[in-house]
Amino acid sequence: MITKSNDTKRYPIPVATAPASVSDLIRSPRLPAELLKSTIFLLKRLGDLVKERTVPEFAAAGCNPYQHAVLTLLGEGAADTQAQIADALGFDRSALVGVLDDLEQQGLIERRRDRNDRRRHVVSMTADGKRTLSRRRALLGRIEGDFLAPLDADERDQLQGLLLKLASYHDPRYAGGNSSGSGS
């Protein structure tokens, strides 16, 4: 499914092909029952489908999921130094620099030296960054709503809770997350 990278050479972001049409999928061979019974296979395939739909929409909005993750983290005040941001999001610290460079060039964040430790950079979101994050949250909410359309509100809450339980078990950064609602 992944076919090319974006134009940014510093941190390539996989871009998927356009999702197959429903009529093309109907003509495709059926998946084996064994795979349909595999939760891991379904999670992987759904992850692929989400990426196929999300990345192009984010690109059309002038951003990418990495930038959105950084803005979201800053918007919640969960981290403020480059190292904290990289560690919280599980990003390679050197790759994060390119993401922050782009966000800074767009006027969405500011970086400055930490007054207490000149080796560190403190990152903060600008007013334009806050407005942009609000628009991107709306975009992600629409994408999520479309993707989860077959589920009612209770099923979405249950799915969110189960996924958060799994994520928390395998990665302590997810512990204590909000398990209510399917919002962005």
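A salt bridge is here a side-chain nitrogen of Lys or Arg within 4 Å of a carboxyl oxygen of Asp or Glu. By that criterion, the structure, which is a predicted model, holds twelve salt bridges. Before individual contacts are considered, the overall fold may be set out.

The secondary structure of the protein chain amounts to eight helices and four strands. Followed along the sequence, these elements give the pattern β-β-α-α-α-α-α-α-β-β-α-α. Of the 184 residues in the protein chain, 26% are buried.

Helix 3 offers a suitable place to begin with the charged contacts. Within this helix, Arg45 and Asp48 lie three residues apart, about one turn of the helix. Their side chains meet in a salt bridge, with an N to O distance of 3.8 Å; this value falls inside the cut-off because the criterion admits pairs within 4 Å. Arg45 has a relative accessible area of 24% and is partly exposed, and for Asp48 the value is 24%, which again corresponds to partly exposed.

Helix 3 also takes part in a contact that reaches across the sequence. Glu57 forms a salt bridge with Arg142, and the closest N and O atoms are 2.2 Å apart. This pair links distant parts of the chain, since Glu57 belongs to helix 3 and Arg142 to helix 7 (residues 127–147), 85 residues apart. Glu57 is partly exposed at 28% relative accessibility, while Arg142 is partly exposed with a relative accessible area of 40%.

A further salt bridge joins the side chains of Asp117 and Arg119, at 2.9 Å from N to O. How do the two partners stand with respect to the surface: is Asp117 buried or exposed, and is Arg119 buried or exposed? Asp117 has a relative accessible area of 19% and is therefore buried, the limit for that class being under 20%. Arg119, in contrast, is exposed, with a relative accessible area of 72%. Elsewhere, salt bridges that share partners join Lys44, Arg45, Asp48 and Glu52 into one network.

The aromatic side chains present a single case, as the structure holds one aromatic pair. Tyr66 and Phe91 form this pair in an edge-to-face arrangement, with 5.4 Å from centre to centre and 75° between the planes. The angle leads to that label because planes over 60 degrees apart count as edge-to-face. The pair also links distant parts of the chain: Tyr66 lies in helix 4 (residues 65–75), and Phe91 lies in the loop between helix 5 (82–89) and helix 6 (93–105), 25 residues apart. Tyr66 is partly exposed, at a relative accessible area of 31%, whereas Phe91 counts as buried at 18% relative accessibility.

Two surface patches complete the description. Leu31, Leu35, Leu36, Leu42 and Leu46 make a nonpolar surface patch of about 380 Å². Helix 2 (33–36) and helix 3 (39–60) each supply at least two residues of this patch. Leu31 is situated in the loop between helix 1 (22–27) and helix 2, and is partly exposed with a relative accessible area of 44%. The other patch is negative and is formed by Asp152, Asp154, Glu155 and Asp157. Of these residues, Glu155 is found in helix 8 (residues 153–170). Its relative accessibility of 36% makes Glu155 partly exposed; this value is consistent with patch membership because patches are made of residues with over 30% relative accessible area and no salt bridge.

Terms used. Residues numbered from 1 in each chain as written. Predicted model: local features only at pLDDT ≥ 70, side-chain atom pairs only at ≥ 80, totals over all residues. Heavy atoms only, no water. Phe/Tyr/Trp six-rings, centres within 6.5 Å; stacked < 30°, edge-to-face > 60°. Buried < 20%, exposed > 50% of the residue type's maximum accessible area, 1.4 Å probe, protein only. Patch = residues over 30% accessible without salt bridge, like charges linked within 9 Å, V, L, I, M, F, W, Y side chains within 5 Å. Areas by Shrake-Rupley, 256 points an atom, 1.4 Å probe, with all protein chains shown as cover. Lys, Arg positive; Asp, Glu negative; His and termini not counted. Charge placed at Lys NZ, Arg CZ, Asp CG, Glu CD.
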